[in-house]
Amino acid sequence: MKITRLQPPTIEEVQRTISALEKEFRVSSGNFASNARAYRSVPEDIAADWDLALHQLEALRPVETVCYWQTASVPRCERQCNADERREAVAA
Amino acid sequence: MFFQTLADFENWFDVESEKVKLEGVVSQTGPFIRPTAEPGEPPWAVKWLIFFKGKYLRLNENYYPKSSRSGGGAYRAHFSYHYGNIPPKRQGSLAWQKEEQVDFRIDLDVRIGPHIHFKGENHLPQSRVSGLQISDQTMFTFINSIQDHRKSGTPIETVFGFKVEPVK
């Protein structure tokens, strides 16, 4: 059984998905991510897709933005993070 | 479950799925993988729908990145393996549908933790399920056990080898 690789989403598509979920369930992503009651108010399969979308957003976020978190003491445009540094910053 | 790269995951998936002998399948949607923009970088998700006459399997997994400090790669943060009646409008659609009925479902939820849905009881935690390590299940063990159940008529709890314990 060969797995079919779908086209990766763009950051705009992920943002649209998240906005649509926030509107449909009247829960902000911040609340969804931090409040257990808000999380449980969303059907399980939707919650999994929403959680994935938030991770995708972090992965797709422009490098400089995340780099700034990682190297706060370094001027923002001095250098770009490599993939490992970006993952570290996202996980932080 | 952990994979260093997306290619490792795809290779594992190819090998494991070859061992599955699907019988009585009317149609399938997937398996599909949704990676992010950077090829080979997590997160990624897998979705697969398998339709029988009147029943279906819906299999979802989400893989998230591990920090490079812990060696990088991706771990399976979430899964849901669902077996039950096909709800209206579900045929072929990957979009979420409200599930009115479930025969058996096992979940590893990022917030709620491992649990099952069985015989009308929802979110039965691991502490109430003996004989089955929920977080060790794969979509392939789930498919094979459901196929055994369908072929032989053996009760689901017997083919999966679990027992629901009473509330203490």
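1. The loop between β7 (113-118) and β8 (121-125) of chain B holds B:Lys119. In this predicted model, phi of B:Lys119 is near 50°. That is a positive value in a residue other than glycine. Most residues other than glycine have a negative phi, hence the entry here. B:Lys119 counts as exposed because 12 C-beta neighbours lie inside 10 Å, and the cut-off for exposed is 12 or fewer.

2. A second positive phi sits in strand β8 of chain B, at B:His123. Its value is near 55°, and this residue too is not glycine. Buried, exposed or partly exposed: how does B:His123 count? B:His123 has 14 C-beta neighbours inside 10 Å, so it counts as partly exposed. The cut-offs that frame this are 12 or fewer for exposed and 20 or more for buried.

3. Next, the peptide bonds. Most peptide bonds are trans. The bond from B:Gly30 to B:Pro31 is cis, and its omega is near 5°. B:Pro31 belongs to strand β2 of chain B.

4. Another cis bond runs from B:Pro42 to B:Pro43, also with omega near 5°. Where does B:Pro43 lie? B:Pro43 is in the loop between β2 and β3 (44-51) of chain B. Both cis bonds deserve a look in the viewer.

5. On confidence, the mean pLDDT of chain B is 91. In that chain, 95% of residues reach 70 or more. For the complex, the predictor gives an ipTM of 0.90 and a pTM of 0.86. Where pLDDT is low, the predicted coordinates should not be read in detail.

6. Now chain A. Its secondary structure comes to 6 helices and 1 strand. The order from the N terminus is β-α-α-α-α-α-α. Of the 92 residues in chain A, 23% are buried. Take the contacts in chain A between residues at least 6 apart in sequence: 32% of them join residues at least 24 apart.

7. The interface comes next. How many residues of chain A are in contact with chain B? There are 26, and they meet 33 residues of chain B. On the chain A side, the elements that give two or more residues are β1 (4-5), α3 (36-40), α4 (44-60) and α6 (83-91). Among these, α4(A) gives the most, with 10 residues. By class, the chain A side divides into 15 nonpolar, 3 polar and 8 charged residues.

8. The strand of chain A also pairs across the interface. β1(A) pairs with strand β2 (residues 27-35) of chain B. The sense is parallel, over 2 bridges. A:Thr4 stands opposite B:Phe32 in β2(B). Strand β2 of chain B is also where B:Pro31 lies, and the peptide bond into B:Pro31 from B:Gly30 is the cis one of point 3.

9. Last, α4(A). What span should its 17 residues have at 1.5 Å a residue? The expected span is 24 Å, and the end C-alpha atoms are 24 Å apart, so the two agree. The buried residues of α4(A) include A:Trp50, A:Leu52, A:Ala47, A:Ala48, A:Ala53 and A:Ala59. The buried list also has A:Glu44, A:Asp49, A:Asp51, A:His55 and A:Gln56. This is the helix that gives the most residues to the side of chain A that touches chain B.

How values were computed:
Residues are numbered from 1 along each chain as its sequence is written. Chains are lettered from A and ligands numbered from 1 in the order in which they are written. This is a predicted model: local features need pLDDT of at least 70, side-chain atom pairs count only at pLDDT 80 or more; totals for chains, interfaces and linings use all residues. Two residues are in contact if their C-beta atoms, placed from the backbone, lie within 7 Å. Helices (H or I, at least four residues) and strands (E, at least two) are DSSP runs, numbered from the N terminus. Ala, Val, Leu, Ile, Met, Phe, Trp, Tyr, Cys and Pro count as nonpolar, Asp, Glu, Lys and Arg as charged, and the others, Gly among them, as polar. Two strands pair if DSSP finds at least two bridges between them. The expected span of a helix is 1.5 Å times one less than its number of residues. pLDDT is the predictor's confidence in each residue, from 0 to 100.
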